[in-house]
Amino acid sequence: MEFTVQQIADLLQGEVEGDNLVNVSSLAKIEEATTGALAFLSNPKYESYLYTTGASAVIVSDKLELKKPVTASLIRVADPYSSFSTLLQYYHQAVLASKTGVEEPCFIGANSEIGAGHYRGAFSYIGNNCKLGQNVRIYPQVYIGDNVTIGDNTTIFAGAKLYANTVVGKDCTIHAGVVLGSDGFGFAPQPDGSYKAVPQIGNVVLEDDVNIGANTTIDCATMGSTIIRKGTKIDNLVQIAHNVEVGQHTVIASQTGISGSAKIGNQCVIAGQVGIVGHISIADKTTVGAQSGVSKTVKESGTIIQGSPAFDYKQNLRAITVFRKLPDLQRVLEELKERN
Amino acid sequence: MEFTVQQIADLLQGEVEGDNLVNVSSLAKIEEATTGALAFLSNPKYESYLYTTGASAVIVSDKLELKKPVTASLIRVADPYSSFSTLLQYYHQAVLASKTGVEEPCFIGANSEIGAGHYRGAFSYIGNNCKLGQNVRIYPQVYIGDNVTIGDNTTIFAGAKLYANTVVGKDCTIHAGVVLGSDGFGFAPQPDGSYKAVPQIGNVVLEDDVNIGANTTIDCATMGSTIIRKGTKIDNLVQIAHNVEVGQHTVIASQTGISGSAKIGNQCVIAGQVGIVGHISIADKTTVGAQSGVSKTVKESGTIIQGSPAFDYKQNLRAITVFRKLPDLQRVLEELKERN
Amino acid sequence: MEFTVQQIADLLQGEVEGDNLVNVSSLAKIEEATTGALAFLSNPKYESYLYTTGASAVIVSDKLELKKPVTASLIRVADPYSSFSTLLQYYHQAVLASKTGVEEPCFIGANSEIGAGHYRGAFSYIGNNCKLGQNVRIYPQVYIGDNVTIGDNTTIFAGAKLYANTVVGKDCTIHAGVVLGSDGFGFAPQPDGSYKAVPQIGNVVLEDDVNIGANTTIDCATMGSTIIRKGTKIDNLVQIAHNVEVGQHTVIASQTGISGSAKIGNQCVIAGQVGIVGHISIADKTTVGAQSGVSKTVKESGTIIQGSPAFDYKQNLRAITVFRKLPDLQRVLEELKERN
């Protein structure tokens, strides 16, 4: 995709300064850009790059006063960052939209329906009795078991696996290697020391506008549903166990694990490598610091905790500061003991 | 699958109270059940739901005395929980059994054999010289390399990858995205600071009745075998390195990592996000708490450890309690020091 | 593959002692070897196994003096360990080399090229405008998006997923289930508490001689590239976030996570289950202990750190030693307080 600087300026309702017929075909950071790239300057700290950049064009503020000559064409707008974000959105949608139609061979079972405008990549598999909405993109090697429902405009990247009975809302993004609906880890100990699997007959439900990162696993409920509510974003390699419920607009960073039947509130921020034990509740707007282990219910909205096991993050910070000096404390204590 | 309440009662050798011709087609928790669902009441704490449930039928104890009128049909049995578990088992087996036959296209190499009653999903791949038992279920997009052996009644869910020479026993369940037999992480440092890969020519052996959770990875041995013994259950996103041996009937929760050549005993319980260093042994019936880091051999059977690094869990609990008060301790110590 | 002991000896420029026509078809450890296997004896501690081994042949030092009779044929060489390593290399290369040609069905898009000597497994997918070098091995069910470049002699095992625009160098090994180029975890908070995805339009670049372990995920850059430099080795289930740069000849063990825009130096050793926060730099030759949480830039080359949060590993070791005795310290402190 190649555009003239004038075409971009028209799209952004900006003014061109310099050659308006130069072509640009990619987006780049101002400090890394080369010929053919369009960059932007928003933060004044980066202004020096404007005079040395290899970019063919740069989006700048309409208030910027140049201090040196510039070789790139300029597109002057009210808010360069916002304008550049708009272009990123267009670019991203254009790439996705370019995937449409059906690549053969791909498999679709009995009584399954897909809406208009969809993409089905080669070697993708859709089981029986599935209902997929419009503009759904099923990349190559995706597996969709029987009785799965997927809403409009959802994208499922290569090789993701959705077990039977999974429900996915509209406008979701599921990345490569994700597994939704694998058996919950439920085994009943037997008198002889062995374990017997407890059948897991529930499912996984993702509401609308949910993102799931690469190779993340979400187990089905023993009965009922493991639920990820509207707008929640989950990073790569996260584990969500059976019967967990994660609220709306919550963010969970990479490699975090949430144990069975835990209930996470709305608008929480859970950092990376956190562990949350089973059967507890985490209040809305809770923040959990990285590598924390949450062992108790958090009742108060807006709580910030840290540590393994986790407690108030300020107290934790103070305790950690003393922890580093423990050998000194021990020495002082021993000296005092000698003297007493 | 739809059944009358009478059919279910006959199966469970129970007595129907109420309409014996009502149809049920799903299993649900008593507090969540709606029309068409069969629930159960075992724990007396949930009895109030019996009088408000939307379930079409409920399995109850033959000793239960009703305190209010009930709209659902009742099936009276000696042990409602056990009866319900039996139904879950039937349901689960019926779902699995429904997958049989071969979906095209799928790939099978030279000199490979599969027993009767098997399922091979579309886009599944079986290499050369493989021996697969009876009633084996190979879901779509599974990869089975050359010279792999798989026992009777084993199920391998969508997209699992078994490298060449892997051996899997009978009655195993391998979930989506599992990787068995990838190279052990062995690299020999060279004089110039680079690393040279040590060829990994061993394999992975799973004995009978082993479960492996979604996206778990088990590396092949450098030479010989990485072994998971009979009845052991491993959760999602677990890492088992080369030449590890895990004993019988051990349970390993999600996101735990076991380093090379470690030897884990029988009937151990290892919680989530645990790390175990290489070349150590863990005695039978050891319990390791969540997020622990085990750096030393555990010699005594029945040991319970916690922490990073891990030590006796009771001592760890006491130390953690004091850890939180460290800023106070430091202040007291400074006051004492002033005065002395 | 079966060879006589004499053939092996000729290859290694060694001398046969005993039957030079015995056949060997596998490599094994001396303590585990059975008929048909070739073992080696390097460490004198294992010499007793030489007299009891079931191996058909053993590679030994040309200086070894036998203390008892030996049933296996011996191959005497200057350095048994080195000779055995050479055989391992031959074996490994022979296995890889045995995969060549194209298995159908597999998918290749428009304008894509692959060099001579390649392998493309069944159900593998190559998008449009890809350039793959010579002797590239693409195992079954691998996904390669549009505009991907892959250098000579690179092997991509079953089911790995490379998003569009990924660049992979020569002599790389990418294991099963790896995901390269999934979206970075970038979401802009909106005034209503929801999040809006920041389009991620960059890519992933692996330089030459890089190894990536099973089910590891590496996100694409927001703009520009997430880069893994020459010779670096990454284990299983590792998470590398958007815009991270990992230097040359660095080793990263399993389940470690590196957050966005962090920069890791050359020849670092990062143990398992480590977390590294975003936007920091780690100096060359830094060693990070297992389960550490690195929250600050490491400036000095050769630093060794440990702990969560991580600091000097010797100080950490001392602090941990005192941590275990905290209940005792608290008691002593209280006694002193009483007395003062």
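Trainee: Why is A:Glu207 called partly exposed?

Mentor: In this predicted model, A:Glu207 has a relative accessible area of 22%, and since buried requires a value under 20% and exposed one over 50%, the residue falls in the class in between and is therefore called partly exposed.

Trainee: What makes A:Arg229 and A:Glu207 a salt bridge?

Mentor: The closest N and O atoms of A:Arg229 and A:Glu207 are 2.4 Å apart, and the limit for such a pair is 4 Å, so the two side chains satisfy the criterion. The pair links distant parts of chain A, 22 residues apart, with A:Arg229 in the loop between strand S27 (225–228) and strand S28 (233–234) and A:Glu207 in the loop between strand S24 (203–206) and strand S25 (211–212). A:Arg229 also has a relative accessibility of 22%, so that residue, too, counts as partly exposed.

Trainee: How do you know that A:Asp328 and A:Arg331 form a salt bridge, and where do they lie?

Mentor: Their side chains come to 3.4 Å, N to O, which is within the 4 Å limit, so the pair is accepted. Both residues lie in helix H5 (residues 326–339) of chain A, 3 residues apart, about one turn of the helix. As for their surroundings, A:Asp328 has 40% relative accessibility and A:Arg331 has 44%, and because partly exposed covers the range between 20% and 50%, that is the class given to A:Asp328 and to A:Arg331. Elsewhere in chain A, salt bridges that share partners join A:Glu207, A:Arg229 and A:Glu245 into one network.

Trainee: How many salt bridges does a search of the whole structure find, and where does the pair of B:Lys99 and A:Asp146 run?

Mentor: The search finds 27 over all chains. The side chains of B:Lys99 and A:Asp146 meet at 3.1 Å, N to O, and this pair crosses between chains, from the loop between helix H3 (80–97) and strand S8 (101–102) of chain B to the loop between strand S15 (143–144) and strand S16 (149–150) of chain A. Both B:Lys99 and A:Asp146 are buried.

Trainee: What makes strand S5 (residues 37–40) of chain B covered on both faces?

Mentor: In a regular strand the side chains alternate between the two faces of the sheet. In strand S5 of chain B, B:Ala37 and B:Ala39 on one side are buried, and B:Leu38 and B:Phe40 on the other side are buried as well.

Trainee: How do you know that S5(B) pairs with strand S4 (residues 26–27) of chain B and with strand S6 (residues 57–61) of chain B?

Mentor: Pairing requires at least two bridges, and S4 and S5(B) are joined by 2, running parallel, so that requirement is met. S5(B) and S6 are joined by 3 bridges, again in the parallel sense. Among the partners, B:Ser26 is matched with B:Ala37 in S5(B), and B:Ala39 is matched with B:Val58 in S6(B).

Trainee: What makes strand S8 (101–102) and strand S40 (311–312) of chain C edge strands?

Mentor: The 12 strands concerned form an open sheet of mixed pairing in chain C, in the order S8-S11-S14-S17-S20-S25-S28-S31-S34-S37-S39-S40, and S8 and S40 each pair on one side only. Within that order, strand S31 (residues 251–252) and strand S34 (residues 269–270) of chain C pair in the parallel sense over 2 bridges, with C:Ile252 standing opposite C:Ile270.

Trainee: How much area do chain B and chain A bury between them, and which residues of chain B lose the most?

Mentor: The size of an interface is often given as the accessible area lost when the parts come together. Chain B and chain A bury about 4,600 Å², 64% of it on carbon and sulfur atoms, and B:Phe123, B:Arg324 and B:Leu333 lose the most on the chain B side, together 12% of what that side buries. The contact takes 54 residues from chain B and 63 residues from chain A.

Trainee: Which polar links join chain B and chain A, and which element of chain B gives the largest share of residues?

Mentor: The interface holds 1 salt bridge, and 24 residue pairs are in polar contact. H3, strand S28 (233–234), strand S31 (251–252), helix H4 (313–323) and helix H5 (326–339) of chain B each give two or more residues to the side that touches chain A, and H5(B) gives the largest share, 6 residues.

Note on methods. Residues are numbered from 1 along each chain as its sequence is written. Chains are lettered from A and ligands numbered from 1 in the order in which they are written. This is a predicted model: local features need pLDDT of at least 70, side-chain atom pairs count only at pLDDT 80 or more; totals for chains, interfaces and linings use all residues. Side-chain values use heavy atoms; hydrogens and water are left out. Helices (H or I, at least four residues) and strands (E, at least two) are DSSP runs, numbered from the N terminus. Buried means under 20% relative accessible area, exposed over 50%, partly exposed in between (1.4 Å probe, protein chains only). Contact means heavy atoms within 4.5 Å. Buried area is the accessible area (1.4 Å probe) that two parts lose on being put together, summed over both. A polar contact is a pair of N or O atoms within 3.5 Å; within protein, one must be able to donate a hydrogen and the other to accept it, and residues adjacent in sequence count only if both atoms are side-chain atoms.
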